[in-house]
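This report introduces one protein chain to a reader who has not met it before. Please look at the sequence and the structure first.

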Amino acid sequence: MKSLSPTPEGLDQAAALLRAGELVAVPTETVYGLAADATQPEAVAAIFRAKNRPADHPLIVHLPGLAHLDEWTARVPDCAWPVMEQFWPGPLTLVLPASEKVPAIVNAGQDTVALRWSSHPLLQALLDRLQRPVAAPSANPFCRISPTSADHVRAHMDGRIAAVVDGGPCAVGIESTILDLSGARPAILRPGAITAAMLAPYLDLADAAAPDAPRVPGNLASHYAPRQPCHRLEADEAAQRVHDAGWRHAAVLAIEAPAARCGWFKRMPPTPEGYAQALYAALHEADASGCAAVWIVMPPDEAAWRAVRDRLQRAARPL
């Protein structure tokens, strides 16, 4: 795997590889994405092989800008425009009715397509060179911990893809909010940095997704998981378990320092934004700590922590 610098020359090389149908890991504000030219079905198919990703798991398409929207959507509902004006470019994916031009491999044969316009300057500069969208799920093996640095990509995808553009650590740290605007009522299908409270002034949001909502990435019961057994427990339960033999040999992630010694400890930031930014890097560290298991003391069960808790509930099983 080539490591490309975040320079004009490095981005020129990345664009040339993408045009040639190769896979390139790219930084976004959320996590590193595994990019392929979205207009080349064979290139997109390589994403599924590299990640060992099921074919029925649709991909997010990253647009160079709003000028490309009409090529990928059959129609844009009126409610989408104020949302795009407020939150694009940024960590928000919109599910919209798909154009007939969308390759079936991109949206897993559904009649919708997931679109995002990233705010990351390196990805924007790369797409300016390419002048076509890329399909880009997270640049990691399917269901494993998402990468928030080029080192994470190199550690887990070396030999599977052509290159990674090293853009440093990701600022947001968890995947984008996915907002479904294709149905009768808008609904969040995956929580992220753009919260329901932030969207509420612009939309009449449903409390939950409809049973027939489109399939989207990141919604499997088990996802974002370390290789080591990973368990979660609420803070009050943790206080009762700190003297267990399992605790003494576990890698522990918690906001507060534990009352008893554990195998390895990572203090997590006390704010939802800080915790999200640090989460996947901390899970990668815990997985590599040499401990037999990872124990996560959950952050507060509050609306502001919804996205973080969503990722932890999928990465870890109850103890």
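Why does the radius of gyration of the protein chain agree with that of a compact globule? A compact globule of 319 residues would have a value near 20 Å, and the protein chain has 19 Å, so the two agree. The model is a predicted one.

The C-alpha trace spans about 60 × 45 × 30 Å along its principal axes. The secondary structure consists of 12 helices and 15 strands. Of the contacts between residues at least 6 apart in sequence, 68% link residues at least 24 apart.

Some overall values for the protein chain follow.

| Property | Value |
|---|---|
| Buried residues | 57% of 319 residues |
| Exposed area | about 13,300 Å² |
| Share of exposed area from carbon and sulfur atoms | 51% |
| Positive side chains | 28 |
| Negative side chains | 33 |
| Separation of the centres of the two charge sets | 7 Å |

The interior can be described through its nonpolar cores. The largest nonpolar core has 47 residues, and Trp88, Leu94, Leu115, Leu179 and Leu199 touch the most other members. Elements that each supply at least two residues of this core include the helices α2 (41-51), α4 (80-87) and α7 (150-157), together with the strands β3 (33-37), β5 (92-97) and β6 (112-116). The most is given by α2, with 6 residues.

Leaving aside residues up to four places away in sequence, Leu199 touches Val83, Phe87, Leu179, Ile188, Ile194 and Leu205. A second core, separate from the largest one, has 28 residues, among them Ile174, Tyr280, Ile296 and Ala307.

Notes
Residues are numbered from 1 along each chain as its sequence is written. This is a predicted model: local features need pLDDT of at least 70, side-chain atom pairs count only at pLDDT 80 or more; totals for chains, interfaces and linings use all residues. Side-chain values use heavy atoms; hydrogens and water are left out. Helices (H or I, at least four residues) and strands (E, at least two) are DSSP runs, numbered from the N terminus. The radius of gyration is taken over C-alpha atoms; the globule rule is 2.2 Å times the number of residues to the power 0.38. Buried means under 20% relative accessible area, exposed over 50%, partly exposed in between (1.4 Å probe, protein chains only). Contact means heavy atoms within 4.5 Å. Accessible areas come from the Shrake-Rupley method with a 1.4 Å probe; for residues, only the protein chains shown count as cover. Lys and Arg count as positive and Asp and Glu as negative; His and the chain ends are not counted. The place of a charge is taken as NZ of Lys, CZ of Arg, CG of Asp or CD of Glu. A nonpolar core is a set of buried Ala, Val, Leu, Ile, Met, Phe, Trp, Tyr and Cys residues joined through side-chain atoms within 4.5 Å.
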